[in-house]
Every structure is written in structure tokens, then in C-alpha cells.
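Student: I've got the model open and want to talk through how its aromatic rings sit together. Can you walk me through it?

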Amino acid sequence: MIKDESKELLEKTPEKTRWEIATKTYTGSVAGYDIFVGQAMGKEKWIELHDNLWGEGGKMTYPQIKEAFNIEVKDAPSAGTLVGLVALLGQGPEYEWEITESTPERQVLRITKCPWFNRYTEFGLKPEDMICAGGHIAFVGEGIKAVNPKIKHTLTKAMPWGDSYCEGVFELEE
């Protein structure tokens, strides 16, 4: 039998480094698919497919993470907590944000470092050619709606739109 060093190498690598590598690999792969499929389909058709795919992913992912971590999504801050957790699990420590406003009815999250924006930039895309904002809107919006239809998500700023950060607003609607 030939010795396989894969597991040994992985076990020697600190957990945080493994997580960083895994999430950069994931975001890099998906960004690469976005670019390739977008070029093959044309931007308009790809945006429609892209946003629908991410919306369906949000409907599935948010309830799974909510249940796994036993999070009750009852107001805007708890929606923000779930969004942060989902983002960190899938995007790793490269994803950074700050809360700029928080009441039970409304929370504003400012994304200051985004792996998707970084990967697209690494692939040489200009911000105006990035389609990540639509995916964000669909993924988060549909995901939050799946766990609490009374909470609405709106993306108000986005780095691909020329802003220096992305900003999401969660509002509890009665």
C-alpha cells in the first residue's frame, strides 16, 4: 500500500488556516464559474440565472444554519446574527462587517471586506462587470424570508456599484 500524506498535511495545518484556504477556494471557484458562464451565455441571461440560483441557495441554506445553531429569528438583530453566521461559515474570516444601526425593528450591516469582491478583482473584473450584488440580494433576501417572512432585506450600497462598502438593511415589518 502506498502512503497517502494528504490527511497528515491537513492535520498539521492550523484549523483557522484550513478554514481560510477552504473558503478562498470556494469563493474563487464560484467566481470563476460566474465569469466563464457569463461569457458563454451573455451577461443579461447569466444575471437572471445567477440571481435565481443564489435565491434558491438562500432558501435552503438559511433554514439549515438557523436550525444547526438554534437561532430564533424574531427581529432585525437576530436576522443580522444569522446573516453574519452564514457569511462567516461560507466565506471565512476574510468577510468582515460592522453594525452601524440596531433596533428590534431595523439593523444596518456594513460589509467592509468581501471575499466575492476580492475574487472578482483577482480575476481582473472591473466593478461594473461584477454581478455579485444581485446574488447577494437574492441569497440573503430569500434566505431571511425563508426563516421569517416578516423581515425584509435591502441592499443599499455595494462595492460593484461604486460604493466603498456594501450595506444591507434588515427591517421587521408587521
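Tutor: Sure, one term up front: buried means under 20% relative accessible area, exposed over 50%, and partly exposed in between (1.4 Å probe, protein chains only). This is a predicted model, where local features need pLDDT of at least 70, side-chain atom pairs count only at pLDDT 80 or more, and totals for chains, interfaces and linings use all residues. Residues are numbered from 1 along each chain as its sequence is written, and side-chain values use heavy atoms, leaving out hydrogens and water.

Student: Is W54 buried or exposed?

Tutor: The cut-off to apply is under 20% relative accessible area. W116 falls on that side of it, and W54 does too: buried.

Student: How do the rings of W54 and W116 pair?

Tutor: Rings of Phe, Tyr and Trp (its six-membered ring) pair if their centres lie within 6.5 Å; planes under 30 degrees apart are stacked, over 60 edge-to-face, the rest tilted. Here the centres are 5.5 Å apart and the planes at 80°, so the W54 and W116 pair is edge-to-face.

Student: Which helices does that W54 and W116 pair link?

Tutor: Helices are DSSP runs of H or I, at least four residues, and strands are runs of E, at least two, numbered from the N terminus. The two residues are 62 apart in the chain, with W54 and W116 in helices α3 and α5.

Student: Does Y26 count as buried, partly exposed or exposed, and why?

Tutor: Its ring and that of W116 have centres 5.7 Å apart and planes at 75°, so they pair edge-to-face. Y26 has 36% relative accessibility, so it counts as partly exposed.
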